[in-house]
Amino acid sequence: MSWASHIPTELSVHPLPLVVLTGLDIRHNAVHKEIWDGFYSKNNTKFRYSLLDGDHEYPKAKGKRSLEVYVEKGILKTNWFHKHLYLIPSLVVVFFELDWDEPNWKEKQMECATKIELVRQSLLDRNTRIILILIQKHPNIPVDGDSGLTKERYPSLCNACSIKTNHLFLLHVEYLQGYIMKLEEEAFNEPTQTYYNLEIKAVKFKRDSLIKVTHQYLFVRLPIKIAFFNEMKQDIFKAIDNYKQAYLSLLDIRFGDTNTLEIKTVAGIINYKLCKLLFEIKHPIDAIEQFRRHIDIFKLKIGPSDLAFEHSAWMSKQFQVMGELFENAINKEYFNAVQTQHPGFYFHSSANYSIQRRIHSREILQSLNLSNKNWTSENPSPIESIDKLEFLGQRPWRQAQKSMEILDQLKEKDGILCLQELESKENLSPLITNLFKQAISHFKIFNCKRMKQYLSVCMAEEYFYAKDYQESLNIYVQVLNDYSNEHWWPILTSIMFNALKCAYLVADITNYCLICTEIIGKNTILSNETKSLIQKNLIRVISNEVPIVEYHQIDTSIHSIENVSQKWKEEMAKQSSPTMGQNMETSQVLSAHKLIPAHVNGMVPFVDCKVRFTSTIFNSNEYVELKVYLRTNCVDQIQFDKLYVRFNIPAYNQYCILQNKDSLNFEPNKIYELDFKFLPQSSDIGKDLEISSLSLEIGNRENRVLILHWKGDCKNALAEENFTLDTFKKLSLPYRKSDAPRELDWNEINISPSTSIVSRKSKIELVLEHKQPVIVNECYPIKLTIVNKEETTIENLSLSVELLSINSASDIDSPISTIDKNIARLWIGSIDKNLHEIGKTYTLPNLESKQQLTEIIYIQMRELKSFELSFKLNYTNETELGKNEDQERHEFDTEIKSKKIVKCSCVQENKIKLETINPFQFNFKFLSMQMGEIEVVRFGEPFFVLCEISNNSAYALKFKDSYLEKGKLVNFKESEENESFLKYETLKSIEMATECFCLVINDDSDSKKVPLGELVLKWKRRNLGSIFDTKEIDEDIETDSESNDDLKQDDLTDELIVETRFPLPEVLAEPFPFIIESELPDYGWLGKEFNLNYKIINKTQSVLEIECSLSENEFFAISGKKMDLIQILPNDFYNFTYLIYPLKIGHCKLPSFHVKVNSPIEISDALKKQESQANSSDSLDTVIENMIPSQLYIFPEKIDSIFKE
């Protein structure tokens, strides 16, 4: 119905100034084609281009008319927007090939002037601008150059063509793209703006001459023109102001049946423009407010009652275009919509008005008898020119009439009848369904679930009205699950009843049976009679019979059902049994078609189901008991054919199948209890047994089978049970024998779909003896004693040990996780350090009743943390069967020795919590050869590493050996042996021992921080107590060391020796030009001289010039050269020897030895640098004092004689 809701397509086009290009032959000239592609193919947002011939005839301009005699015929002409968008240019660009050095200049100039004059004549009385562009091939002659030829021909061409000098431009062939962009910016913009300014000025002049009383239509039309011209200029704000002015002037026009449609049509156009522009300037609130005012004003302007459907069509169109504008603005990211305001609301309202339009049309057509009059050329139809109206919104039989009264009533009546007849041919269903789809897409974006469901139901109803039953059924099926979960039974009943009709009309057997399964339940709001009829139809379909149509309340006057029965017969014939000629593959496909699965978790069927194990734990020597409760909610009695339960362990599926029809014949609203029992397999001990699904079948495989599937929790869409872990543990119904009289309450039955299979309680005793704590890297022994207290022999005895971590804040029963096996080693019986096993299972011999077995387990931990050891004994033995042993039972994978004896598996597990500690605490010091503590050492100079070792444990530790694995850059001092001070020594708790090593850092080392190596200690606990059934040794008893050397060595040769490695800290080492070595006795005698020798070694690659001196003191007399200046060659040495005579006894300070270096500048600088980095004093003497001894002990002369004696 385009005549009642017409929105010109030109309004959706973005207004751009029309620029006509002429003078281009794009078919035969490649350069012209490239020029046209450069303008037209570019993503242009400033101009709209059109290529026309030079002699093209443009629309003629109207002559000036006096407003005094002007008679208004309508508000807005139909083709006005199209004319100014595509037909009347604002600028005509004439292209002409002409170079300044053209030899035939005169002829070319006359040809160019003729073309321009031809264009000017076709645009007579128009404000269209004309410019000339010369296509030149020689860009080396610019217009503003010094060429006299250019200066002469440039004004001559402008005068001949009667154009201004600023309307002549050049386009060089070699630089097309650059010139095209420059032309658009500089040449086209100003003329187009001038054209629209002149057009606006002319319209405003006419508007100022109007009279309000006689020119009401012009007061609307002229502001629309001004606004549109402002749009062409891209002046959006002025356009909005003028559109608003036109809208207000439109409201001043008097409404009547003759002009209501015209006013609403123009109002719709103005509102469209206002909303579109307000969205573009990112004022969505103003656009929405404008639309609301627009609807409030016109929603009651219905017009003639016989054409009420026109008003509904107009309203629908308004909401539709508003939704499209809103959606387009969001897509262009002008702004973001919100959940309470988005395009979906407008598309929904548009669909509702379209439905209302159809209702009005149907009501009007039912009250009228269309004559179907034959119109001829002599007697044409009143609406023959309905698509060729001069003014928007006018009636085709009374165009250009402003009268408020109807002059020809007979013609008016014929016109209305023709419009009604035209409306009766309209099919609105595609429009309505498309609007619903658009609305649903937006509500889905904003997660408006219920609104999306409601619109989906509306769309399904529309498809049903359009007799597209399959599509309607698909939508109904999609929303059924959502409404089932929300328990909206009135809505759900209506949806299911309509879906059932659709399934019947399209002969969809699967969906028909599924919907019947749910609709005959207790929650749907239908009469018992209707439910009974539907149940009978369900049984008919399962029995391969056609359902009865009368049971579905289908209006046969609207919906054709003649062929429905035939469809059902054909569909059932397709799924019938295969003939003898069909192969096995085809037979399997047909068999699958006969199975109709119904997954109860997404629906509420007419059957309720609950399952529970009678206990949360079952021993391996007793029956697992399962109870299934069923209750039907349908009206009539129903017969099921098969029930079966599926478990997560498939081996038990065969024991929970029931095919006894007498036990599956259920009366309505009565609870039935079914019991199943079976023995667990020994291999499933320690596993959880869970119900995966429960299935209930109606029908037989020869015809058709409806299978109701429940998951293990037995929940349906109603979600009656809040299924939690507490439900598993809570069994409100105690176990009672099946023959005990009782009345079950459905709400008191708890669902328990999971149980655990555990081994029979073990009667074996497991004793663990050990002595805490565990020392890191120690082979820690644990004595394990197993005592068989079973009445029979235990067989297949195995021990598995698992190492588990534990949080410091948790106890031994807290959740634990397995540690990486690479951090621990485990042995049983004997230690083989080449094996790296943890968590291994060990086979042990069989034990007779009351027999005992002892094993020693060793564990070595390599990390300092708390952990648990889990000792698990697995064995089998013969025992009596548990409860219900006299009842019938299934036998599988269980060796039965007698009626009451069964071989079962048992498990005994003990855990111990252990703490690990480090055996030692280390402290390291660096000492000079004079036993002074130092922080920096020098290359090639010996120094001591003093290691203090403290016992951290509560036990005495006995050393087998200790040694230093030196680093690559470190050597032991010559004549020094790496002998252990701790060998065969015992270190008691909290005691400390010392190791000392004399080291030298290699001269060729270039590192500042030198790794010294690792200290290696080999040790074991001195006493392990009662672990090995040995007598404890009192550590405080002292024994003769000589008599116990062999004992010490023998005690340290066993496999329990532990090796502990500790890396020594890095030492800061620096190079030094020389080192000094001293040679003197360990002590002296009063009055007896001795030699004092200082050896100076040059460590540099240069000659070392030094000045040495020895100062006297009160303790010694000196004989020798006390001061000397020497030169030492590279890597050479020099000896200073003195004869020293002691003068006093006791600790005497040796004479001070001073060295002054007179070498090159670089050596002196190096010395100063080393002094400062060595944390020495202000002079070189302090560094030297660390190299040589400073004191010597002098004995009296009498003592010497005593020593000699």
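**Exercise 1. Find the residue of strand E27 that stands opposite Lys761, then place the pair in its sheet.**

Solution.
- Lys761 faces Val907 in E27.
- Next, the strands. E18 and strand E27 (residues 901-914) run parallel and are joined by two bridges. Pairing requires at least two DSSP bridges between two strands.
- Now the sheet. Five strands form an open sheet in the order E18-E27-E26-E22-E24, and the pairing is mixed.
- Last, the edges. Strand E18 (760-761) and strand E24 (841-843) each have a single partner strand, so one side of each lacks a neighbour in the sheet.

The model is predicted: local features need pLDDT of at least 70, side-chain atom pairs count only at pLDDT 80 or more, and totals for chains, interfaces and linings use all residues. Residues are numbered from 1 along each chain as its sequence is written, and side-chain values use heavy atoms, with hydrogens and water left out.

**Exercise 2. Describe the chain as a whole.**

Solution.
- Count the elements. The chain has 25 helices and 49 strands. Both are DSSP runs numbered from the N terminus: helices are H or I with at least four residues, strands are E with at least two.
- Check burial. Of the 1205 residues, 48% count as buried. Buried means under 20% relative accessible area, exposed over 50%, and partly exposed in between (1.4 Å probe, protein chains only).
- Check contacts (heavy atoms within 4.5 Å). Among contacts in the chain with a separation of 6 or more, 77% come from residues 24 or more positions apart.

**Exercise 3. Compare the span of helix H5 with its expected value, and locate its bend.**

Solution.
- Helix H5 (residues 176-208) has 33 residues.
- The expected span is 1.5 Å times one less than the number of residues. For H5 this gives 48 Å; from first C-alpha to last, the helix reaches 47 Å, close to that value.
- H5 bends by about 40° at Phe188, and Pro191 follows within four residues. The bend is the angle between axes fitted to the seven residues ending at a residue and the seven starting there.

**Exercise 4. State which charge partner lies nearest to Glu102, and whether Glu102 is buried or exposed.**

Solution.
- Glu102 sits in the loop between strand E3 (91-97) and helix H3 (105-122).
- Glu102 is buried and has no salt bridge. A salt bridge needs a side-chain nitrogen of Lys or Arg within 4 Å of a carboxyl oxygen of Asp or Glu.
- The nearest side chain of opposite charge is Lys108, 5.6 Å away. Lys and Arg count as positive, Asp and Glu as negative; His and the chain ends are not counted.
- Leaving out residues up to four places away in sequence, Glu102 touches Lys108 and Arg153.

**Exercise 5. Give the distance and burial of three salt bridges.**

Solution.
- The whole structure holds 30 salt bridges.
- Arg395 and Glu310 meet at 2.8 Å, N to O. They link distant parts of the chain, 85 residues apart, with Glu310 in helix H10 (residues 308-331). Arg395 is buried at 5% relative accessibility. Glu310 is buried at 4%.
- Arg1021 and Glu778 have their closest N and O atoms 2.6 Å apart. This pair spans 243 residues, with Arg1021 in strand E37 (residues 1013-1021). Both residues are buried.
- Lys1122 and Glu1112 have their closest N and O atoms 1.7 Å apart. They are 10 residues apart. Lys1122 is partly exposed at 30%, and Glu1112 is exposed at 51%.
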